[in-house]
Amino acid sequence: MTGDRLVRLADWDEVAEQVRRVRADLGVLSNALIPEPLRAAAAASVGRALGRLDGMLLGPLHVTGDLHLVARDLLLTVPWAALPSRRGRRTVVNSWLDLRAGAPPRRSDRALVVAGPGLLASHEEAGLVAGAWDDVVLLRGEDATCAATSGRLAGVGIVHLAAHGTHEPDNPLFSSVRLADGPLFAHELDGTDLAGAVVVLSACEVGRSSSRVGGEPLGLTSVLLRHGAGAVIAAVAPLRDDVALRVMPALHAGLREGLRPGQALARAVADEPEPVPLVCFGPLVV
């Protein structure tokens, strides 16, 4: 790497306070039933907090193009693509550097699309996403079991899971997505070959992680990346059904066109009226 420089950014306590405000406001905005005055107040508040984070963390860096972030702890919960300066721009986040010479290419355009139970729009979302791909397996209803899903992961290039998600901060490897016959846990994916796959988790908060001894973040996203996924797009805060229904088909349209995952996400959320808590996680290859 050339041209390295150290830039001191902002006071950590102030950053942490703004991140907590963003998370609280996004929680309010995720409720489609809140009164309009409260929604307007939350939207204004989260806009101020995101602007403040943008100014503190990215302003001094003068980033105008692609941005790769290596972050830990609370910074992994920031919806980086929602920061004002990142609108429409590719942003990729991870907790570690990959010292290999290059990232594995996406192995195919074969897609696996799964809709779990209990979400108002998951079946419709899955159908729209599946429509973006020619070679696709679509699992919905009783077909969307844990065994059927995990058994079809190897060899596909695109994975989309539209399901309830749970991050377990006390035991991150038990973070899960809920399928027809129960939860599919992160630890159950051990041994799965995801080399080069793009995994989209249309599920609330499964982009979150918890740090363990040594500072390594653990959660469903980190497990998928450790198994070789080229990118994992996941939510770091609650994701409303109607937002997912708009954004996810647009995201897959971009992937189908050949955009890189971070580019496809940036384009898909650029015109949303409220911040979308989706983050593109992926290895920074040097």
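Let's start with Thr192 and its contacts. Leaving aside neighbours within four places in sequence, Thr192 is in contact with Leu153 and His227. This is a predicted model, so keep that in mind throughout. Where does Thr192 lie? It is in the loop between E9 and E10. Buried or exposed? Thr192 has a relative accessible area of 15%. Buried means under 20%, so Thr192 counts as buried. Its side chain also reaches the backbone oxygen of Leu189, at 2.8 Å.

Leu153 and Leu189 come up again in the next item, a cavity. The count is two cavities of 30 Å³ or more. I'll take the second largest. About 90 Å³ of space lies in it. Which elements each supply at least two residues of its lining? They are strand E6 (158-162), E9, strand E10 (198-202) and helix H5 (220-226). The lining residues include Leu153, Leu189, Leu184 and Phe185. Others among them are Val159, Leu161, Leu201, Leu220 and Leu224.

Hold on to Phe185. How many aromatic pairs does the structure hold? One. The partners are Phe174 and Phe185. Their geometry is edge-to-face. The centres are 5.3 Å apart, and the planes make an angle of 65 degrees. Why call that edge-to-face? Because the angle is over 60 degrees. Now place the two rings. Phe174 lies in the loop between strand E7 (165-166) and strand E8 (176-179). Phe185 lies in strand E9, residues 182-185. So the pair ties together parts that are 11 residues apart in sequence. Phe174 is partly exposed, at 37% relative accessible area. Phe185 is partly exposed too, at 22% relative accessibility.

Next, go back along the chain to helix H1, residues 12-29. Let's check its length. H1 has 18 residues. At 1.5 Å a residue, counting one less than the number of residues, the helix should span 26 Å. Its end C-alpha atoms are 26 Å apart, which agrees. What caps the N-terminal end of H1? Asp11 does. One of its side-chain oxygens lies 3.2 Å from the backbone nitrogen of Asp13.

Which residues of H1 are buried? Val15, Ala16, Gln18, Val19, Val22, Asp25, Leu26 and Leu29. Look at helix H2 (36-58) in your viewer: what covers those buried residues includes this helix.

Between H1 and H2 there is a loop, and Ile34 is found there. Ile34 is buried, with a relative accessible area of 13%. What does Ile34 touch, not counting residues up to four places away in sequence? Val28 and Arg39. One distance for scale: the C-alpha atoms of Ile34 and Ala130 are separated by 32 Å. Those two residues are 96 residues apart along the chain.

Last topic: backbone angles. Most residues other than glycine have a negative phi. Two residues here have a positive one. Phi of His62 is near 55 degrees. His62 lies in the loop between H2 and strand E1 (67-70). At 65% relative accessibility, His62 counts as exposed. Asp73 also has a phi near 55 degrees. Asp73 sits in the loop between E1 and strand E2 (91-94). At 46% relative accessibility, Asp73 counts as partly exposed.

Methods:
Residues numbered from 1 in each chain as written. Predicted model: local features only at pLDDT ≥ 70, side-chain atom pairs only at ≥ 80, totals over all residues. Heavy atoms only, no water. Phe/Tyr/Trp six-rings, centres within 6.5 Å; stacked < 30°, edge-to-face > 60°. Helix = DSSP H or I, 4+ residues; strand = E, 2+ residues; numbered from the N terminus. Buried < 20%, exposed > 50% of the residue type's maximum accessible area, 1.4 Å probe, protein only. Contact = heavy atoms within 4.5 Å. Polar contact = N/O pair within 3.5 Å; in protein donor to acceptor, adjacent residues only side chain to side chain. 1 Å grid on protein atoms, 1.4 Å probe; cavity = no way out; pocket = protein on both sides within 12 Å on 5 of 7 lines; lining within 4 Å. Points joined across faces, edges and corners; volume = space filled by probe spheres on them.
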